[in-house]
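Let's take a walk through this protein together. Have the sequence and the 3D view ready, and we'll go from the overall picture to single residues.

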Amino acid sequence: VPIDRIAVRGAAGLPNLDVLPANLALSPIELVLSQKNAREFQLKKALDGQVGRYDVVVLDAPPNLSLLNLNAILAIDDLIVPVLTDFLSYDGLRILFENLETVREDFGFEPERIGILINGFNAGESLSQQSRAAIEQFYGELVLDTVIRKNTAFGLATAEQKPVFEVAPRSKAAQDIEQLVSELLGI
């Protein structure tokens, strides 16, 4: 379906925010894509048709390397990887970078910039502190300066299906997101 037909314009009451929501109808997409020529580039082709319409396009993809996610990787300029401060996320980073190496070898593609975003950080938990230190030590300059702290405002915003800026505009969550946006626009 063309992007223009499924875009939800003015999502969350924000006139400049369009969202292309996923739903259960997307479930068979892997099967559909596998039947197409240049199946790895179908999302890029669709997004290229929107050049000039959007300043920024954000793709939210689960942490696996399915055909759909491969489409997402091949359609991006920058890759921002949110990482929780736990062992599984740290291990997931290793797997992601192995997969990115395979994408580079197979398709000759790599993102222009990669940033690792520490997410859900709780300074009061020693495991969170240790994981953050390990991520920063191993991935160094790839780790963004912004850290998204664990905050109940995110849960409230999700429950109300509203932006965190509307639900809790003075929260640490809103401050962290504002800092992230500023950092990313400066990349």
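Before we start, one term: two residues are in contact here when they have heavy atoms within 4.5 Å of each other. With that in hand, take asparagine 151: leaving aside its neighbours within four places in sequence, it is in contact with Ser171, Lys172 and Ala173. We'll come back to that residue later. Keep in mind as you look around that this is a predicted model.

Let's step back to the whole chain. The protein has nine helices and three strands. Reading from the N terminus, the order is α-α-α-α-β-α-β-α-β-α-α-α. So how does the overall size fit the chain length? For 187 residues, a compact globule would have a radius of gyration near 16 Å, and the protein comes out at 18 Å, which agrees. If you draw a box around the C-alpha atoms along the principal axes, it is roughly 50 × 40 × 30 Å.

What about inside and outside? Of the 187 residues, 27% count as buried. The accessible surface is about 12,400 Å², and carbon and sulfur atoms make up 55% of it. As for charge, there are 16 positive and 26 negative ones, and their mean positions lie 6 Å apart. The chain also brings distant stretches together: among contacts between residues at least 6 apart in sequence, 65% join residues at least 24 apart.

Now for the strands. Start with S1, which covers residues 78–84. In a regular strand the side chains alternate between the two faces of the sheet. S1 shows that pattern: Leu79, Val81 and Val83 point to one face and are buried, while Asp78, Ile80, Pro82 and Leu84 point to the other and are not. S1 pairs with S2 (residues 113–121) in the parallel sense, over seven bridges. To find the pairing in the view, look for isoleucine 80, which stands opposite glycine 115 in S2.

S2 also pairs with S3, again in the parallel sense, this time over four bridges. Here the pair to look for is phenylalanine 121, opposite arginine 149 in S3. S3 itself is mostly covered, with five of its seven residues buried.

Next, the helices. Which one should you look at for burial? Try H4, residues 67–74, where seven of the eight residues are buried. Those buried residues are Leu67, Asn69, Leu70, Asn71, Ala72, Ile73 and Leu74. They pack against three other helices, namely H2 (29–34), H3 (42–48) and H5.

One of those residues, isoleucine 73, leads us on to glutamate 110. The two are 37 residues apart in sequence and 8.4 Å apart in space, C-alpha to C-alpha. Glutamate 110 sits in the loop between H5 (87–107) and S2. Is glutamate 110 buried or exposed? It is exposed, because its relative accessible area is 52%, and the cut-off for exposed is over 50%.

For a contrast in distance, go to leucine 127 in H6 (residues 126–139). Leucine 127 and alanine 46 are 81 residues apart in sequence and 42 Å apart in space, C-alpha to C-alpha. At 48% relative accessibility, leucine 127 counts as partly exposed.

Two residues have a backbone angle worth a look. Most residues other than glycine have a negative phi. Alanine 38, though not a glycine, has a positive phi of about 50 degrees. You'll find alanine 38 in the loop between H2 and H3, and with a relative accessible area of 46% it is partly exposed. Glutamine 161 isn't a glycine either, yet its phi is positive at about 55 degrees. This one lies in the loop between H7 (152–160) and H8 (164–167), and glutamine 161 is exposed, with a relative accessible area of 70%.

Finally, back to asparagine 151, where we began. Where does it sit in the chain? Asparagine 151 is in the loop between S3 (143–149) and H7. At 21% relative accessibility, asparagine 151 counts as partly exposed, since buried means under 20%. Asparagine 151 and alanine 7 are 144 residues apart in sequence and 30 Å apart in space, C-alpha to C-alpha.

Technical notes
Residues numbered from 1 in each chain as written. Predicted model: local features only at pLDDT ≥ 70, side-chain atom pairs only at ≥ 80, totals over all residues. Heavy atoms only, no water. Helix = DSSP H or I, 4+ residues; strand = E, 2+ residues; numbered from the N terminus. Rg over C-alpha atoms; globule rule 2.2 N^0.38 Å. Buried < 20%, exposed > 50% of the residue type's maximum accessible area, 1.4 Å probe, protein only. Areas by Shrake-Rupley, 256 points an atom, 1.4 Å probe, with all protein chains shown as cover. Lys, Arg positive; Asp, Glu negative; His and termini not counted. Charge placed at Lys NZ, Arg CZ, Asp CG, Glu CD. Pairing = 2+ DSSP bridges.
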